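User: I would like to learn how to read side-chain contacts and strand pairing in a model. Can we take one feature at a time?

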Amino acid sequence: MQLIASCLCGANRFALEGAAQGIIACHCSQCRKTSGHYAASLDVAGIRWQARAAVGEYASAGGGTRGFCTSCGSSLYFRAPDGAISVEAGAIDGPTGRKLSAHIYCANTGDYYRIPANETQHSGAGHV
């Protein structure tokens, strides 16, 4: 199944290449500030742009880059310093066909929510 992602206003649209099967919830402080909660994303081998009218990038602490729409503000992707790309699950158009597989940076979890004890949790890991 080919996954397509886009921003809220439709100015940016791209196909996901080599998308991972599991969605990771990241609770690091950067993802929480970017998303307003925790971020849910999936790793991809690459993205193929179909429309790229309003893409902005923010160089985050640690050398990563966060991609977003400069028109509507939608968070689109995170590119780690090593080039690995994670696409925001909420940017995917329609069903993803995937399930949440793990939580990372759980040591930074907000005090206003709890991660279910039966879900895989890591205090660190992943890309920040």
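**Reading contacts and strands**

Analyst: Tyr77 counts as buried, at 1% relative accessibility. The model is predicted. Tyr77 also takes part in ring contacts, so it serves as the starting point.

User: Which residue forms an aromatic pair with Tyr77, and what is the geometry?

Analyst: The angle between ring planes sets the class, and over 60 degrees counts as edge-to-face. The structure holds 4 aromatic pairs. In one of them Trp49 meets Tyr77 edge-to-face, with 6.4 Å centre to centre and 70° between the planes. Trp49 lies in strand S5 and Tyr77 in strand S8, so this pair ties together parts 28 residues apart in sequence. Unlike Tyr77, which is buried, Trp49 counts as partly exposed at 25% relative accessibility.

User: Which residues make up the cluster that the ring pairs link?

Analyst: The cluster consists of Phe14, Trp49 and Tyr77, linked by ring pairs.

User: What class does the pair of Tyr112 and Tyr113 belong to, and why?

Analyst: The planes of Tyr112 and Tyr113 stand at 65°, so the pair is edge-to-face; the ring centres are 4.9 Å apart. Tyr113 counts as buried, with 10% relative accessibility.

User: Now the charged residues. How many salt bridges are there?

Analyst: Side chains of opposite charge can pair when their charged atoms come close. The cut-off for a salt bridge here is 4 Å between the side-chain nitrogen and the carboxyl oxygen. By this rule there are 3 salt bridges.

User: Where in the chain do Asp93 and Arg13 lie?

Analyst: Asp93 and Arg13 form a salt bridge, their closest N and O atoms being 2.8 Å apart. Arg13 is in strand S2 (residues 12–17), while Asp93 sits in the loop between strand S9 (85–88) and strand S10 (99–104); the two are 80 residues apart, and the pair links distant parts of the chain. Asp93 is partly exposed at 32% relative accessibility, and Arg13 is partly exposed at 34%.

User: Which strands hold Glu17 and Arg48?

Analyst: Glu17 is in strand S2 and Arg48 in strand S5 (residues 46–52), 31 residues apart. Their side chains meet in a salt bridge of 3.0 Å, N to O. Glu17 has a relative accessible area of 32% and is partly exposed; Arg48 is partly exposed too, at 40%.

User: And Glu57 with Arg79: how far apart are the closest N and O atoms?

Analyst: In this salt bridge the closest N and O atoms are 3.2 Å apart. Glu57 belongs to strand S6 (residues 55–59) and Arg79 to strand S8 (residues 75–79), 22 residues apart along the chain. At 41% relative accessible area Glu57 is partly exposed, and Arg79 counts as partly exposed at 27%.

User: S2 and S5 came up with Glu17 and Arg48. What is the order of strands in their sheet?

Analyst: To read a sheet, list its strands in order and then look at the edges. This open sheet has 3 strands in the order S1-S2-S5, with antiparallel pairing. Strand S1 (4–6) and S5 stand at the edges with a single partner strand each, so one side of each has no neighbour in the sheet. Neighbouring strands are turned by 25° against each other on average, direction ignored.

User: How many bridges pair S2 and S5?

Analyst: S2 and S5 pair over 6 bridges in the antiparallel sense. The bridge partner of Glu17 in S5 is Gly46, whereas the salt bridge of Glu17 is with Arg48.

Definitions and conventions. Residues are numbered from 1 along each chain as its sequence is written. Side-chain values use heavy atoms; hydrogens and water are left out. Helices (H or I, at least four residues) and strands (E, at least two) are DSSP runs, numbered from the N terminus. Buried means under 20% relative accessible area, exposed over 50%, partly exposed in between (1.4 Å probe, protein chains only). Rings of Phe, Tyr and Trp (its six-membered ring) pair if their centres lie within 6.5 Å; planes under 30 degrees apart count as stacked, over 60 as edge-to-face and the rest as tilted. Two strands pair if DSSP finds at least two bridges between them. Axes are lines fitted to C-alpha atoms, for helices over the stretch in contact, and angles run from 0 to 180 degrees between N-to-C directions.
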